[in-house]
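Me: I'm new to this one and would like a close look at a single part. Could you take me through the metal site, and then show me the chain around it?

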Amino acid sequence: MANDSRYNEILDKITSARSIFLTTHEHPDGDAAASICALAEWLKFLGKKYYLFCADEPEAGLRFLPQIEKISRDIGAVDFKNFDAVIVLDCGALRRTKIETAIRESRLPIINIDHHISNGRFGDINLVDAEAASTTQLLYELFKRGKVNISRQLANCILTGIITDSGNFAYTAANSHTFSVASEMLAQGANAREIINCTAKNKNLAMLKAWGFALSRLQYNARHDIAYTVLTQADLAEFGVNKQELEGLASFLNNLKDAKIILVLHELGDGRIKGSLRTNRNEVDVAKLAQVFGGGGHKKAAGFEVEGRLVQYNNSWRIE
Ligand SMILES: [Mn+2]
């Protein structure tokens, strides 16, 4: 396997380092947060120093992950001279860390571990496998090769990434190997029910009302075979929900069988609009579509951000 030597290089780098800077993409999802926590757990076990950074706070439901409270949104006091390497997890493009310049200027070796098909191979070592259901699954492979003892906490991290990024095992990336890794994690003490309760069955009333409003606005564009909906900043304010709380809406709408592609557009409040794309069709690659708009992701789930605001014209919406 082409990645075999990369696993060994990464194991060498980590075991020889004294101190490592770990980061992931902004608006961290379950896999992003669980990847940082999994690696932090191992570094703690090895007695290494480390700093955990993410531009945004992980959602409250993920608080069961070990060391998640150590993920900082502050790099003001960070001196990159104190580190031997930067590990970027679950992140298709370095700019999505929001600290690309600081990382580049540090001149530290960058280890890029990811499973986004759109990954830009920005690291000095790139362990990128778009076939993996989650980044935590790649960490599992790394731990196996490193003969790391999978504690209950590590197993919970690995399974959290797999469950959240595979839509509870529904996406095509969840193959027989994914299920066997998940099974092994359960045997090591991971708690699938707790993970699903905390990451999927965690919606509050305001969120579901906002989702309901988005559902009532669902439009179907026959020419492109796309079903889409939108939420403006005014809508979010009216329902009292934030952009993080829309996480999952696009995947929920992807239950629809009558459209090839699902698109959810919502205003971010900074003059930008976020688009989330989903598909269930084998022949459709929404990562390619997202890349047209400067975004990226996976074949079946991808996203992008564009400048503009959402404006309604009669029964349809435009980006202006
Ligand atoms: Mn992921």
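Reply: Sure, and one thing up front: this is a predicted model. Let's start with the big count, then zoom in. The chain holds eleven helices and 13 strands.

Now the metal site. A manganese ion is held by Asp31, Asp90 and Asp165, each through OD, along with His115 through NE2, at 2.1 to 2.3 Å. If you walk along the sequence, those donors follow the spacing D-x58-D-x24-H-x49-D. Take His115 and Asp165 as a pair: His115 sits in the loop between β4 (110-114) and β5 (125-128), while Asp165 belongs to helix α5 (residues 152-165), so the two tie together parts that are 50 residues apart in sequence. Are these two buried or exposed? Both His115 and Asp165 are buried.

Stepping back to the whole chain, buried residues make up 53% of the 320 residues. Of the contacts with a separation of 6 or more, 63% are between residues 24 or more positions apart. What about the overall form? For 320 residues, a compact globule would have a radius of gyration near 20 Å, and the chain agrees with that because its own value is 19 Å. Along the principal axes, its C-alpha atoms fill a box of roughly 60 × 40 × 35 Å.

Last stop, the outside and the charges. About 14,800 Å² of the chain is exposed, with carbon and sulfur atoms supplying 48% of that area. As for charge, there are 38 positive and 38 negative side chains, and the centres of the two sets lie 1 Å apart.

Methods. Residues numbered from 1 in each chain as written. Predicted model: local features only at pLDDT ≥ 70, side-chain atom pairs only at ≥ 80, totals over all residues. Heavy atoms only, no water. Donors = N, O, S within 2.8 Å, 3.2 Å for Na, K, Ca; no water. Helix = DSSP H or I, 4+ residues; strand = E, 2+ residues; numbered from the N terminus. Buried < 20%, exposed > 50% of the residue type's maximum accessible area, 1.4 Å probe, protein only. Rg over C-alpha atoms; globule rule 2.2 N^0.38 Å. Contact = heavy atoms within 4.5 Å. Areas by Shrake-Rupley, 256 points an atom, 1.4 Å probe, with all protein chains shown as cover. Lys, Arg positive; Asp, Glu negative; His and termini not counted. Charge placed at Lys NZ, Arg CZ, Asp CG, Glu CD.
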